[in-house]
Amino acid sequence: MIDARRLRTLRAVADHRTVTAAAAALYLTPSAVSQQLAALESETGHRLLERHGRGIRLTAAGEILLSHANAVLAQLERAEAELAAYTSGAAGELTVASFATGIGLVLAPAIAGLARSSPGIRVRVLDAEGDESLPMVLDGRADLAVAVEYRGAPREDDQRLARVPLYAEPFDAVLPIAHRLAGAGRIPVADLADEPWIGPYPGNPCHDVVVLACEYAGFQPRLVHSSDDFRAVVALAGAGAGVALVPRSALRGMDLGEVVVRPVDGVPATRRVFAAVRRGAEEHPLIRPVLDALRVAAEQIHPGGATSDG
């Protein structure tokens, strides 16, 4: 009999590529993870892992077992959801990981709505960058993520996760107020090819969006200044330090007196935001109301699921 807990350990090692990282994600010691993996290999009669550089990777047998593990774990999530629904467990706490703008834009309004519609549900919020929240859900550190698309993100057909699209928003060009293109109605990204750029650090999903937009326009941006805080990005642009692309919602409430904000011409840079849970858990009586509340909040902010780029 294969122990489902060991399947979760196998998946964590496949995701994190080292025993140490998997142990940290699962709140176990590395020795405990190694013991569970050894027991799993004994249960299956196959070698499941092999050394690869400084990390480890799954063998062919390990990959076969992992594909079944994803299906088994999703079915267990469904079983827990149905049992919770049977006992009408629409009361309790769940943890939601979200990037900061997502918290302000959709998660906080969703929590306010839940206080009226489902007062028994308590939401614990963790501020996490868009590329951090999905691993937190997969590792069990969060029940739900508000995340964004990024390079290396799990694909939409990933069997470990169920997604609910929330909204898409464009990035606007932010220029110094005295910039030569400040009077333009729309800014072609290609016209900014020779400018110094201000943007998020590599690893931040917004960094990927900016770089891809510039690549579509035919150049690599010369990132001179880096900050994950968009208020700092706008302040640097206002000081004449460079140009930037910033998500439209991140500009709300900022002092824009020293910059010019213009929509982008051509292929727009876009941030796509979605909610994600472990597959099988989407109908859990604590999770379904939160997903519904997030969808309502997103619809109120972005009718139709996306902002206009005009």
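Q: Contact here means heavy atoms within 4.5 Å of each other. In this predicted model, which helices do the buried residues of α2 pack against?
A: Helix α2 has buried residues at Ala-22, Ala-23 and Ala-25. Seen down the axis of α2, they fall within an arc of 165°, so they line one face of the helix. The packing partners of these buried residues are α1 (4-16) and α3.

Q: Which residues are exposed on the other side of α2?
A: A residue counts as exposed when its relative accessible area is over 50%. On the side of α2 away from the buried residues, two residues are exposed, Thr-20 and Ala-24.

Q: What positive phi does Tyr-27 take?
A: Helix α2 covers residues 19-26. Tyr-27 sits just after α2, and its phi is positive, at about 60°.

Q: How is α2 oriented to α3, roughly parallel or roughly perpendicular?
A: The axes of α2 (residues 19-26) and α3 (residues 30-44) come within 8 Å and cross at roughly 105°. Angles of 65 to 115 degrees count as roughly perpendicular. The crossing therefore makes the orientation of α2 to α3 roughly perpendicular.

Q: How many charged residues does the contact of α2 with α3 have?
A: From α2, the contact is made by Val-19, Thr-20 and Ala-23; from α3, by Pro-30, Val-33, Ser-34 and Leu-37. By class, five residues are nonpolar and two are polar, while the number of charged residues is none.

Q: Within what arc do the buried residues of α8 fall?
A: In α8 (residues 230-238), the buried residues are Phe-230, Val-233, Val-234 and Ala-237. They line one face of the helix, because seen down the axis of α8 they fall within an arc of 95°.

Q: What covers the buried residues of α8?
A: Phe-230, Val-233, Val-234 and Ala-237 are buried in this helix. The cover includes the helix α7 (205-216). Strands are also part of the cover, among them β6, β8 (196-199), β10 (244-247) and β11 (259-262).

Q: Which residues does Arg-222 touch, leaving out those up to four places away in sequence?
A: Arg-222 belongs to strand β9 (residues 222-226). Its C-alpha atom is separated by 5.7 Å from that of Trp-197, although the two residues are 25 residues apart along the chain. With residues up to four places away in sequence not counted, Arg-222 touches Asp-194, Glu-195, Pro-196 and Trp-197.

Q: Is Arg-222 buried or partly exposed?
A: Buried residues have under 20% relative accessible area, and exposed ones over 50%. The relative accessible area of Arg-222 is 46%, so Arg-222 is partly exposed.

Q: How many residues apart in sequence are the parts that Glu-149 and Arg-163 tie together?
A: These two residues form a salt bridge, with the closest N and O atoms 2.4 Å apart. Glu-149 lies in the loop between β5 (144-148) and β6 (161-176), whereas Arg-163 lies in strand β6. The pair therefore ties together parts whose separation in sequence is 14 residues.

Q: What relative accessibility does Arg-163 have?
A: Glu-149, with a relative accessibility of 27%, counts as partly exposed. Arg-163 also counts as partly exposed, at 22%.

Q: Which residues are joined into one network by salt bridges that share partners with Asp-292 and Arg-288 among them?
A: Asp-292 and Arg-288 form a salt bridge, with closest N and O atoms 3.2 Å apart. Both lie in helix α9 (residues 287-301), four residues apart, which is about one turn of the helix. Through shared partners, salt bridges make one network of Glu-283, Arg-288, Asp-292 and Arg-295.

Q: How many salt bridges does the structure hold?
A: One of them is between the side chains of Arg-57 and Glu-50, at 3.0 Å from N to O. Arg-57 is partly exposed, with a relative accessible area of 36%, and Glu-50 is partly exposed at 25%. For the structure, the number of salt bridges is 17.

Q: What percentage of the residues in the protein chain is buried?
A: The chain has nine helices and 13 strands, and its C-alpha trace spans about 70 × 50 × 30 Å along the principal axes. Of its 310 residues, the buried ones make up 47%.

Key: Residues are numbered from 1 along each chain as its sequence is written. This is a predicted model: local features need pLDDT of at least 70, side-chain atom pairs count only at pLDDT 80 or more; totals for chains, interfaces and linings use all residues. Side-chain values use heavy atoms; hydrogens and water are left out. A salt bridge is a side-chain nitrogen of Lys or Arg within 4 Å of a carboxyl oxygen of Asp or Glu. Buried means under 20% relative accessible area, exposed over 50%, partly exposed in between (1.4 Å probe, protein chains only). Axes are lines fitted to C-alpha atoms, for helices over the stretch in contact, and angles run from 0 to 180 degrees between N-to-C directions. Angles under 35 degrees count as roughly parallel, over 145 as roughly antiparallel, 65 to 115 as roughly perpendicular and the rest as oblique. Ala, Val, Leu, Ile, Met, Phe, Trp, Tyr, Cys and Pro count as nonpolar, Asp, Glu, Lys and Arg as charged, and the others, Gly among them, as polar. The arc is that of the directions from the helix axis to the C-beta atoms.
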